[in-house]
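Work through the following exercises with the sequence and the structure in view. Each task is followed by a solution that goes step by step.

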Amino acid sequence: MADYHFVYKDLEGASTQWDDIQRKLGNLPPKPPAFKPPSFTPAEDEDTKPRDKAWIDDKTEKELEDVEDDPDLDDDRFLQEYRKKRLAEMREAAKIRRYGSVIPISGSDFVREVSQAPEDVWVVVILYKDGHPECGVLLQCLEELATSYPATKFVKIISTDCIPNYPDHNLPTLLVYNNGAVKANYVGLHRFGRRCTPEGVALVLCHSDPVLNDGHTGNESSRKAVLDGVRQKLIETVVRDHEDDDGSSSD
């Protein structure tokens with residue numbers, strides 16, 4: 001005959017009087033806290049969210065296309081127009097090529113990355129060598145400009161990889177390309193002023209052509225705005241440096 005036995009378990013967290021006494025005497029570990037399930041918070045229902053600008057701003061391009069027939073939007077002409085505006089902005093931004101850093105290339109990459117770049121993209125090439133102090137200064141300025149103007153392509157190439165036997169005394173050298181042709185070249189750091197700054201480099205690059213593109217739009221008003229912004233930043237930098245020099249002199 002099988003040997004059956006039963007184990008009786010009380011509610012979780014329950015304790016006997018004997019166990020309580022043993023705990024007071026230190027013969028048993030402290031009583032574990034009773035299990036308490038976390039409070040239930042229902043997920044926010046998408047259909048209950050208010051239809052406003054923030055609701056549209058949070059959506060991706062595909063989601064905006066999917067809500068075209070939303071009955072709540074049909075009753076709100078402002079939101080319908082705002083949705084169309086956001087869609088247009090997203091599609092325009094998707095067309096713009098974005099780079100955002102100084103891209104290292106080799107001699108074999110030059111034709112593909114520079115000469116064959118898209119017609120609407122300006123390419124700034126720096127010929128440099130590692131360990132050359134003036135090259136380091138200009139590279140630092142270009143890195144900042146590449147971040148501020150991501151629709152302009154910045155590349156760097158070791159000078160002798162680009163042009164065999166290129167003399168070091170010409171470094172750094174900048175070449176500006178557009179539509180497969182050289183539009184400008186700048187030999188030496190002195191071409192960018194007594195103190196080479198990102199603002200000074202930007203002003204030189206934009207002197208004749210709209211080289212820098214912030215990626216917002218490609219129209220002339222945007223390019224003018226970029227140049228105006230570069231000039232404003234240059235003025236602010238000069239004023240700030242002048243104030244710093246006055247402060248040092250007074251000390």
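## Exercise 1: The chain as a whole

Of the 251 residues in the protein chain, 33% count as buried. The model is a predicted one.

**Task.** Describe the protein chain by its helices and strands, by its exposed area and by its contacts.

**Solution.** Begin with the secondary structure: the protein chain has ten helices and five strands. Turn next to the surface, where the chain exposes about 16900 Å², with carbon and sulfur atoms supplying 52% of that area. Finally, take the contacts in the chain with a separation of 6 or more: residues 24 or more positions apart account for 64% of them.

## Exercise 2: The sheet and a helix packed on it

**Task.** Work out in which order the five strands form the sheet, and find which strands helix α7 touches.

**Solution.** Step one is the order, which reads β1-β3-β2-β4-β5 in an open sheet with mixed pairing. Step two concerns the edges: β1 (102-104) and β5 (181-187) are the edge strands, since each of them pairs on one side only. Step three is the turn between neighbouring strands, which is 25 degrees on average when direction is ignored.

Step four looks at one pair in detail: β1 and strand β3, residues 153-158, pair in the parallel sense over three bridges, and Ile103 stands opposite Val155 in β3. Step five adds the helix, for α7 (residues 133-148) packs on the sheet and touches β1, β2 (122-128), β3 and β4 (173-178). The direction of α7 makes about 160 degrees with that of β2.

## Exercise 3: A network of salt bridges

**Task.** A search of the whole structure finds four salt bridges; trace the network that joins Asp109, Arg112, Glu113 and Lys153.

**Solution.** Start at Arg112, which forms a salt bridge with Asp109, the closest N and O atoms being 3.1 Å apart. Of these two partners, Arg112 is partly exposed, with a relative accessible area of 46%, whereas Asp109 has a relative accessible area of 19% and is therefore buried, the cut-off being under 20%.

Next, follow Arg112 to Glu113, where the two side chains meet in a salt bridge at 3.5 Å, N to O. Glu113 in turn forms a salt bridge with Lys153, and here the closest N and O atoms are 2.6 Å apart. Lys153 lies in strand β3 and Glu113 in helix α6 (residues 110-115), so this pair ties together parts that are 40 residues apart in sequence. Lys153 is buried, with a relative accessible area of 6%. Putting the steps together, salt bridges with shared partners join Asp109, Arg112, Glu113 and Lys153 into one network.

## Exercise 4: The surroundings of Trp122

**Task.** Is Trp122 buried or exposed, and which residues does Trp122 touch, not counting residues up to four places away in sequence?

**Solution.** First locate the residue: Trp122 lies in strand β2. Then consider its relative accessible area, which is 11%, so Trp122 is buried. Leaving out residues up to four places away in sequence, Trp122 touches Thr152, Lys153, Val176, Tyr177, Asn178, Lys183, Asp209, Pro210 and Val211. As a last step, compare sequence with space for one of these contacts: Trp122 and Pro210 are 88 residues apart in sequence, and their C-alpha atoms are 8.4 Å apart in space.

Notes: Residues are numbered from 1 along each chain as its sequence is written. This is a predicted model: local features need pLDDT of at least 70, side-chain atom pairs count only at pLDDT 80 or more; totals for chains, interfaces and linings use all residues. Side-chain values use heavy atoms; hydrogens and water are left out. Two strands pair if DSSP finds at least two bridges between them. Helices (H or I, at least four residues) and strands (E, at least two) are DSSP runs, numbered from the N terminus. Axes are lines fitted to C-alpha atoms, for helices over the stretch in contact, and angles run from 0 to 180 degrees between N-to-C directions. Contact means heavy atoms within 4.5 Å. Buried means under 20% relative accessible area, exposed over 50%, partly exposed in between (1.4 Å probe, protein chains only). Accessible areas come from the Shrake-Rupley method with a 1.4 Å probe; for residues, only the protein chains shown count as cover.
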